[in-house]
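I am opening a notebook on a structure that is new to me. I will write down what I looked up, entry by entry.

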Amino acid sequence: MEFTLFTLLNGVSYGLLLFMLSSGLTLIFSMMGVLNFAHTSFYMLGAYIACSISARIGFWPALLLAPLVVGLFGALVERYGLRPLHKLGNIPELLFTFGLSYLIVELVQLVWGRAALNYPIPAELDGPLFTLFSTSFPKYRGFMMVVALAMLGVVYLLLTRTRIGLVIQAALTHPEAVEALGHNVPRIFMWVFAGGSALAGLAGVIGGNAFVTEPAMAATVGSIIFVVVVVGGMGSLAGAFVASILIGVMQTTAVALDYSLASVLGRFGAEVTPSTPGFALLNVTIAQSAAILPFLLLVLILIFRPKGLMGTRE
């Protein structure tokens with residue numbers, strides 16, 4: 001029970017962090033049709049900016065200010081980078097965001113250096129939230145979960161229950177009609193991109209001190225985020241949520257399981273020796289293969305359900 005509960009909680013907290021990242025990417029893609037390869041670089045920027053602000057005026061101001069700074073940077077990227085390329089099609093947009101991701105990494109290394117930063121967890125959130133038997137669950141993990149769920153609620157209400165959300169959804173499907181009603185559609189898309197970037201920045205603020213704030217952090221989560229988006233369904237916010245939790249729990253559980261095919265066969269009396277065909281493969285443990293499990297899931301989804309778990313288009 002102890003192992004199951006804490007593995008599940010750790011998996012859900014990691015999955016919710018993945019959702020915080022993938023939600024901004026999904027929002028941008030569903031509204032604008034732009035697959036932003038630089039999205040995890042905004043996540044990294046959020047962590048670095050929050051670390052600098054936190055060192056001067058504290059973590060809580062950083063939690064508010066860092067996503068705003070990243071969001072404004074995203075607005076500038078859309079206005080002066082992506083908007084002139086939009087009429088040229090998707091390939092120039094992809095190449096632009098791909099190059100931007102490398103540019104941001106180099107910029108971060110020039111400003112903050114190549115070494116990992118000391119971005120500590122705030123004192124009021126350091127320590128155990130509760131203890132069961134001999135294992136404690138950290139307060140900060142619980143805080144991450146609360147922030148992610150609050151963000152999900154705010155985004156859902158904003159898109160479905162407010163005038164701004166209705167205008168955004170209308171601009172997606174009927175931009176000419178929205179322009180005829182007096183709304184500036186390019187400006188709407190700019191703020192959508194800024195909002196998605198701010199969500200990535202918020203994930204950076206939360207994830208930067210939970211894990212490590214260093215120049216490779218964007219590359220570390222970059223591939224996983226695109227797996228989440230594809231598995232959940234391109235453009236589906238609900239699909240991104242389901243896929244994030246699924247992948248988070250799957251990876252966390254796999255890391256804790258030290259079983260291999262050889263050990264399973266041994267339980268049934270089959271002896272596996274170095275002379276057994278495929279001996280090396282049979283001795284690979286689930287924990288050792290945890291890193292490739294999301295990509296295996298991606299391959300299976302692309303084969304059997306190309307539109308994703310909750311996607312609406314192929």
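At what angle do helix 10 and helix 13 pack, and how far apart are their axes? I noted first that this is a predicted model. For helix 10 (residues 237-255) and helix 13 (residues 293-304), I found an angle of about 135° and axes 10 Å apart. An angle that is not under 35 degrees, not over 145 and not within 65 to 115 counts as oblique, and helix 10 and helix 13 are therefore oblique to each other.

I then listed the residues of this contact. Helix 10 brings Leu246, Ile247, Met250, Gln251 and Ala254, and helix 13 brings Leu293, Pro294 and Leu297. Sorted by class, the contact of helix 10 with helix 13 has 7 nonpolar residues, 1 polar residue and no charged ones.

**Entry: helix 13 again, with helix 9**

I stayed with helix 13 and looked at helix 9 (residues 217-232). The axes of helix 9 and helix 13 come within 10 Å and cross at roughly 30°. Helix 9 and helix 13 are therefore roughly parallel to each other. I recorded the crossing of helix 9 past helix 13 as left-handed.

On the side of helix 9, I wrote down Ser223, Ile224, Val227, Val230 and Val231. They meet Pro294, Phe295, Leu297, Leu298, Ile301 and Leu302 in helix 13. The class count for helix 9 with helix 13 is 10 nonpolar, 1 polar and no charged residues. Pro294 and Leu297 are among the helix 13 residues that I had also listed for the contact with helix 10.

I picked one residue in helix 9, Val221. Is Val221 buried or exposed? Its relative accessibility is 11%, so Val221 counts as buried. Setting aside neighbours within four places in sequence, I found Val221 in contact with Leu21, Thr40 and Tyr43. I also checked Val221 against Met310, which is 89 residues away along the chain. Their C-alpha atoms are separated by 22 Å.

**Entry: helix 2 and helix 8**

Next I took helix 2 (residues 39-57) and helix 8 (residues 185-210). Their axes come within 7 Å and cross at roughly 55°. That makes helix 2 oblique to helix 8. Helix 2 passes helix 8 in a right-handed crossing.

Which residues of helix 2 meet helix 8? I listed His39, Phe42, Tyr43, Gly46, Ala47 and Ala50. Among their partners in helix 8 are Phe193, Gly196, Ser197, Ala200, Gly201 and Gly204. By class, the contact of helix 2 with helix 8 divides into 8 nonpolar, 8 polar and no charged residues.

Phe42 seemed worth its own look. Leaving out its neighbours within four places in sequence, I found Phe42 touching Asn36, Val70, Phe73, Val77, Leu100, Ile104, Phe193, Ser197, Ala200 and Gly201.

**Entry: the nonpolar core**

I met Phe42 again in the largest nonpolar core, which has 82 residues. Met20, Met32, Phe42, Met44, Phe59, Phe143 and Ile206 touch the most other members of this core. Where does the largest share of the core come from? It comes from helix 1 (residues 2-32), with 14 residues.

**Entry: two residues in helix 1**

I looked up Thr26 in helix 1. At 2% relative accessibility, Thr26 counts as buried. Apart from residues up to four places away in sequence, Thr26 touches Val229, Gly235, Ser236, Leu237 and Ala240.

Met31 is in helix 1 as well. With a relative accessible area of 8%, Met31 is buried. Met31 and Phe193 lie 162 residues apart along the chain, and their C-alpha atoms are separated by 8.8 Å.

**Entry: helix 3 and helix 4**

Gly81 lies in helix 3 (residues 59-86). I noted 12% relative accessibility, so Gly81 counts as buried. Its contacts, not counting residues up to four places away in sequence, are Leu76 and Phe96.

My last residue was Ser101, in helix 4 (residues 90-112). Ser101 is buried, with a relative accessible area of 11%. Beyond its neighbours within four places in sequence, Ser101 is in contact with Phe37, Ala38 and Ser41.

Technical notes: Residues are numbered from 1 along each chain as its sequence is written. This is a predicted model: local features need pLDDT of at least 70, side-chain atom pairs count only at pLDDT 80 or more; totals for chains, interfaces and linings use all residues. Side-chain values use heavy atoms; hydrogens and water are left out. Axes are lines fitted to C-alpha atoms, for helices over the stretch in contact, and angles run from 0 to 180 degrees between N-to-C directions. Helices (H or I, at least four residues) and strands (E, at least two) are DSSP runs, numbered from the N terminus. Contact means heavy atoms within 4.5 Å. Ala, Val, Leu, Ile, Met, Phe, Trp, Tyr, Cys and Pro count as nonpolar, Asp, Glu, Lys and Arg as charged, and the others, Gly among them, as polar. A crossing is left-handed if the near helix is turned anticlockwise from the far one by less than a right angle, and right-handed if clockwise. A nonpolar core is a set of buried Ala, Val, Leu, Ile, Met, Phe, Trp, Tyr and Cys residues joined through side-chain atoms within 4.5 Å. Buried means under 20% relative accessible area, exposed over 50%, partly exposed in between (1.4 Å probe, protein chains only).
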